[in-house]
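Here's a walk through the fold, one neighbourhood at a time. Keep the viewer open and follow along.

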Amino acid sequence: MARGPPHHLKRLNAPHHWMLDKLGGVYAPRPRPGPHKLRECLPLMLIIRNRLKYAMNAREVMFITKKRFVKVDGKVRTDPKFPAGFMDVLTIDKTNDKFRLLFDVKGRFNLVKIPVEETKKKLLKVKRLMYAANRVPFAVCHDGRTIRYPDPNLKVNDTVIYDLEENKALDFIRFKPGTMAMVTGGANTGRVGEIIDRERHPGSFDIVHLKDASDNKFATRIQNVFVIGRGGDKAPEVTLPKAKGVRVTLIQDREKRIEEYRKRKQGKS
């Protein structure tokens, strides 16, 4: 009989986007309870060891984190199992690394290098608007933050531009047709496009239709849509991954890889 919550995670049961090899051991690092869900986060251990290659094993990751080198959203995190998630800003002052966690077009977490001025802000999606004691209004965001006394015009699904140094909301972007958004769940995870339309289905899931830079149209549930820019000619508020959120077909991807391999081979010869 089980006693209390589970403390282990089998490697075969780990999220697919962690990209852990099947024969690398029996267990995977189980993220701590935190701002992001277990299957929607990436533990610091995997970032430092598997992605950045700054450590060979978990013991070396422990040395790095306990020396207070790693910051998430400007706060030092010493737990190697701390769950970093979508839109989190990861900084390592020792190596002068600055990353933001975003999804690539294949639905995997991507460490996107960002400039110094971008480390001070973060985008937050509003999940709920509620009242606390004494009728104090507050907004609950996708990473568990609560913003007291938000803008009265703020609505659910809007995006808040948050200052990580001052710990306050600077501005917000309305969820509406014409804005730029990234998909954070489902089969289209990582794709970026302009919101075209919102289908309302009372009692079920609202469906949002989007169009990417290559004029490819796709649709997803509204809870998977994260607004990242005001649209039009304006650039997104955050630096995007290399593919800019445009998914190509398998054949196009294969041809691109073959061409890159051919160039590398010619360069060596």
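Start with the hairpin of strands β6 (residues 97-103) and β7 (residues 109-113), which run antiparallel and are joined by 5 bridges. Strands and helices here are DSSP runs (E, at least two residues, for strands; H or I, at least four residues, for helices), numbered from the N terminus, and two strands pair if DSSP finds at least two bridges between them. Across this hairpin, R100 stands opposite V112 in β7. There are 5 residues between the strands, and G107 takes a positive phi near 85° in this hairpin.

Before going further, a word on what you're looking at: this is a predicted model, where local features need pLDDT of at least 70 and side-chain atom pairs count only at pLDDT 80 or more, while totals for chains, interfaces and linings use all residues. Residues are numbered from 1 along each chain as its sequence is written, and side-chain values use heavy atoms, with hydrogens and water left out.

Now follow R100 to two of its contacts. Take E118, found in the loop between β7 and β8. At 8% relative accessibility, E118 counts as buried; buried means under 20% relative accessible area, exposed over 50%, and partly exposed in between, using a 1.4 Å probe and protein chains only. Leaving aside neighbours within four places in sequence, E118 is in contact (heavy atoms within 4.5 Å) with R100, E237, V238 and T239.

K122 also touches R100. This lysine lies in strand β8 (residues 121-131). Is K122 buried or exposed? K122 is buried, with a relative accessible area of 1%. So what does its side chain pair with? The side chains of K122 and D88 are joined by a polar contact of 2.7 Å. A polar contact is a pair of N or O atoms within 3.5 Å; within protein, one must be able to donate a hydrogen and the other to accept it, and residues adjacent in sequence count only if both atoms are side-chain atoms. Not counting residues up to four places away in sequence, K122 also touches others, including D73, M87, D143, R145 and Y162.

M87, one of those contacts of K122, is worth a stop. M87 sits in the loop between β4 (83-85) and β5 (89-92), and its phi is near 75°, a positive value in a residue other than glycine. M87 is buried, with a relative accessible area of 0%.

Compare K53, in the loop between α1 (44-51) and α2 (58-66). Phi of K53 is near 60°, again a positive value in a residue other than glycine. K53, though, is exposed, with a relative accessible area of 62%.

Just ahead of K53 comes α1. This helix is largely enclosed by the rest of the structure, because 6 of its 8 residues are buried. The buried ones are L44, M45, L46, I47, I48 and R49.

One of these, L46, leads to W18: their C-alpha atoms are 7.9 Å apart, although 28 residues separate them along the chain. W18 lies in the segment before β1 (41-43) and is buried, with a relative accessible area of 1%. Not counting residues up to four places away in sequence, W18 touches residues including L9, P29, L38, L46 and R51.

Helix α3 makes a contrast. It is hardly covered: the count of buried residues among its 19 residues is 1. Why does its length look right? The helix (residues 250-268) should span 27 Å at 1.5 Å a residue, and its end C-alpha atoms are 27 Å apart, which agrees; the expected span is 1.5 Å times one less than the number of residues.

On to another pair of neighbouring strands. Strands β13 (residues 180-183) and β14 (residues 192-199) pair in the antiparallel sense over 3 bridges, with V192 in β14 as the bridge partner of M182. β14 also pairs with strand β15 (residues 207-211) in the antiparallel sense, over 5 bridges. There, the bridge partner of R198 is V208 in β15.
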